[in-house]
Amino acid sequence: AGINLKDAQIFSSDQQYAMVKGLNLTFTKLFQFPKPIVVAAEGAAIAGGFFFILTSDYRVAGPKSMYGLAEARVGVDFPQPLLEIARAMLGPAELRRLMQSGNPIKSEQALSSGIVDEIVEEGEAFNRALIIAKDYSNIPKKTYGRIKRQIRGVSIDKINELMKDDFGVPKDGWYGEETKAAMKAMLK
């Protein structure tokens, strides 16, 4: 999952800044990491949690896993560096549906949309991810890093440019009263 909504309701502007900076730094580093990242997802990967999926190179899903970008429902805009990751890794239709509705999708739809690479039996995602990781470890490391950079390079350059401007954190805080009310409603 993403942030703890109960705690985030009372975050000061400084705490919001620190949180968004941390999210931006973490996920932009993962997105640019030159080695293979293989992810196993058995449960929900929502909001910030979904960016672990989006920044990875291969995704193994359990049959009950769910994926989504709940920011609209929570009343927060997307930090620009994270938006660029989502744009790079999702097709335009999925990006629109996930971002604008805030509704999660199930593993089958994630597979058909290319969000996950395969669905395995319940409880087997981690074991399958280890097999995939072992296979990827046989790829020459420098070559893998260069190819990954070729694929993601335009997005990486844009993200790095956005990060120069105060780590991509909005200057007026990430959210306000509307967001706090949306967060409170989500917790009911």
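**Reading cores, sheets and a helix pair**

Modeller: Let us begin with Ala47, which counts as buried because its relative accessibility is 15%, where buried stands for under 20% relative accessible area, exposed for over 50%, and partly exposed for what lies in between (1.4 Å probe, protein chains only). This is a predicted model, in which local features need pLDDT of at least 70 and side-chain atom pairs count only at pLDDT 80 or more, while totals for chains, interfaces and linings use all residues. Residues are numbered from 1 along each chain as its sequence is written, and side-chain values use heavy atoms, with hydrogens and water left out.

Colleague: Where is the place of Ala47, and what is its phi?

Modeller: As a general rule, most residues other than glycine have a negative phi. Ala47, in the loop between S2 and H3, has a positive phi near 55 degrees. Helices (H or I, at least four residues) and strands (E, at least two) are DSSP runs, numbered from the N terminus.

Colleague: How many residues has the largest nonpolar core, and which of them have the most contacts inside it?

Modeller: In soluble globular proteins, nonpolar side chains tend to be buried together. A nonpolar core is defined here as a set of buried Ala, Val, Leu, Ile, Met, Phe, Trp, Tyr and Cys residues joined through side-chain atoms within 4.5 Å. The largest such core in this model has 29 residues, and Phe50, Phe51, Tyr67, Leu90 and Ile115 have the most contacts inside it. Two or more of its residues come from each of helix H2 (13-32), strand S1 (38-41), helix H3 (50-54), helix H5 (80-89), helix H6 (92-101) and helix H9 (141-164). Separate from this is a second core of 10 residues, with Val74, Val169, Trp174 and Met183 among them.

Colleague: With which residues is Ile115 in contact, and with which is Val74?

Modeller: Contact means heavy atoms within 4.5 Å. Neighbours within four places in sequence aside, Ile115 touches Phe50, Ile53, Arg59, Leu90, Glu94, Leu98, Ile105 and Ala110. Val74, which lies in helix H4 (residues 71-74), is buried with a relative accessible area of 8%; leaving aside its neighbours within four places in sequence, Val74 is in contact with Leu5, Thr179, Ala182, Met183 and Met186. The C-alpha atoms of Val74 and Tyr175 are separated by 9.9 Å, although these residues are 101 apart along the chain.

Colleague: What is the order of the strands in the sheet with parallel pairing?

Modeller: Two strands pair if DSSP finds at least two bridges between them. The order in this open sheet of 3 strands is S1-S3-S6, and S1 and S6 are the edge strands, each pairing on one side only. Between S1 and S3 there are 4 bridges in the parallel sense; Val38 has Tyr58 as its bridge partner in S3, and Ala41 has Ala61. S3 is also joined by 2 bridges to strand S6 (residues 118-119), again in parallel, with Val60 opposite Glu118.

Colleague: Which faces of S1 and S3 are covered?

Modeller: In a regular strand the side chains alternate between the two faces of the sheet. S1 has Val39 and Ala41 on a covered face, and Val38 and Ala40 on an uncovered one. Strand S3 (residues 58-61) is covered on both faces, with Tyr58 and Val60 buried on one side and Arg59 and Ala61 buried on the other.

Colleague: At what angle do the axes of H2 and H5 cross?

Modeller: Axes are lines fitted to C-alpha atoms, for helices over the stretch in contact, and angles run from 0 to 180 degrees between N-to-C directions. Here the axes of H2 and H5 cross at roughly 35 degrees and come within 9 Å. The contact is made by Leu23, Asn24, Phe27, Thr28 and Phe31 of H2 together with Pro81, Leu82, Ile85, Ala88 and Met89 of H5.
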